[in-house]
Amino acid sequence: MDTLAYMKLFFPFRMPDFHKRGIESIWNVSGEDRAEAALSMTFRNDPRAMAMSFMRNYGEPYEWLTEAFLDWAFTFVSTYLYYEDRDIADEHTLNLYRKGLACFEGNAPTYHLSLQEHPVIVWDFHSLMLAVKFLFSVKLTNAKNPMRMCEHCRMAFYAQRADSRFCSAECRNKASKKS
Ligand SMILES: [Zn+2]
């Protein structure tokens, strides 16, 4: 695919002043625009896509986002139902849940070490998508404060305790009044 045509996908409103000849590319940053100048400095050693994704006019089609959200929702709901149904569902159904989960692709971030007050791990996320996916996976597998679905409003929430059934005191009260 032509580079500029590809870029147009991410800059539907205003294209950055970008020129390409062979494998060489030039990105003209006007002196007026301090934010763009700062970006090009900050990311001068990184792939150009990195700086571009932080630019003011960068955008992605709504459909791409909804697809990502649906993917996460599917993973969450499958996980939730698996443990809800584990004792009553047949093996075929449970296998479908397992297969559904296996489709969630984990693209592992890299990390480096840094000497702060004490040594720390610094994760190198090359995209927001990767950061969200990784943190989502950490939350999904957290046994102490698991992600759960509220039995009253059906919203996802981070449970304070492993056996929490409602997202809030309000939902707990409403549910107990109903029953
Ligand atoms: Zn609720």
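Helices (H or I, at least four residues) and strands (E, at least two) are DSSP runs, numbered from the N terminus. Keep in mind that this is a predicted model, in which local features need pLDDT of at least 70, side-chain atom pairs count only at pLDDT 80 or more, and totals for chains, interfaces and linings use all residues. Residues are numbered from 1 along each chain as its sequence is written, and side-chain values use heavy atoms, with hydrogens and water left out.

**Exercise 1: the overall build**

Task: Work out how many helices and strands the protein has, and in what order the elements run.

Solution:
- Step one is to count: you should get seven helices and six strands.
- Next, walk along from the N terminus, and you meet α-β-β-α-α-α-α-β-β-α-β-β-α.
- Now for the spread: the radius of gyration is 22 Å, well over the 16 Å from the globule rule for 179 residues, so the protein is more spread out than a compact globule. That radius is taken over C-alpha atoms, and the rule is 2.2 Å times the number of residues to the power 0.38.
- Finally, the C-alpha trace spans about 65 × 45 × 35 Å along its principal axes.

**Exercise 2: inside and outside**

Task: Find what share of the residues is buried, then sort A5, A35 and S78 into their classes.

Solution:
- Start with the cut-offs: buried means under 20% relative accessible area, exposed over 50%, and partly exposed in between (1.4 Å probe, protein chains only).
- By that rule, buried residues make up 25% of the 179 residues.
- A5 sits in helix α1 (residues 3-10), and its relative accessible area of 37% makes A5 partly exposed.
- A35 belongs to helix α2 (residues 34-42). At 41% relative accessibility, A35 is partly exposed too.
- S78 is part of helix α4 (residues 62-85). With just 6% relative accessible area, S78 is buried.
- Who does S78 touch? Beyond its neighbours within four places in sequence, S78 is in contact (heavy atoms within 4.5 Å) with Y97 and L101.

**Exercise 3: the zinc site**

Task: Identify which atoms coordinate the zinc ion, and decide what arrangement they make.

Solution:
- Look for donors, meaning N, O and S atoms within 2.8 Å of the metal (3.2 Å for Na, K and Ca); water is not among the atoms, so sites may look incomplete.
- You'll find the SG atoms of C150, C153, C167 and C171, at 2.3 Å.
- Check the angles: the four donor atoms subtend 106 to 114° around the zinc ion, which makes the arrangement tetrahedral. The test for four donors is that all angles lie between 85 and 135 degrees.
- Along the chain, the donors are spaced C-x2-C-x13-C-x3-C. C150 is in the loop between β5 (147-149) and β6, while C171 is in helix α7, so this pair ties together parts that are 21 residues apart in sequence.
- Both C150 and C171 are buried.

**Exercise 4: two serines and an unusual arginine**

Task: For S164 and S137, find which backbone oxygen lies by the side chain, then say what stands out about phi of R154.

Solution:
- Use the polar contact rule: a pair of N or O atoms within 3.5 Å, where within protein one must be able to donate a hydrogen and the other to accept it, and residues adjacent in sequence count only if both atoms are side-chain atoms.
- S164 is in the loop between β6 (156-158) and α7 (169-178). A polar atom of the S164 side chain lies 3.1 Å from the backbone oxygen of R161.
- S164 counts as buried at 10% relative accessibility. Apart from neighbours within four places in sequence, S164 contacts R148, F157 and A159.
- S137 is in helix α6 (residues 128-140). Here the backbone oxygen of K133 is 2.8 Å from a polar atom of the S137 side chain.
- At 25% relative accessibility, S137 counts as partly exposed.
- R154 is in the loop between β5 and β6, and its phi is near 65°, a positive value in a residue other than glycine. For background, most residues other than glycine have a negative phi.
- With a relative accessible area of 47%, R154 is partly exposed.

**Exercise 5: sequence gap against distance in space**

Task: Find how far apart the C-alpha atoms are for A35 and R56, and for A5 and M155.

Solution:
- A35 and R56 are 21 residues apart in sequence, and their C-alpha atoms are 8.6 Å apart.
- A5 and M155 are 150 residues apart along the chain, with C-alpha atoms separated by 40 Å.

Technical notes
Tetrahedral: all angles 85-135°; square planar, octahedral: opposite > 155°, others 65-115°.
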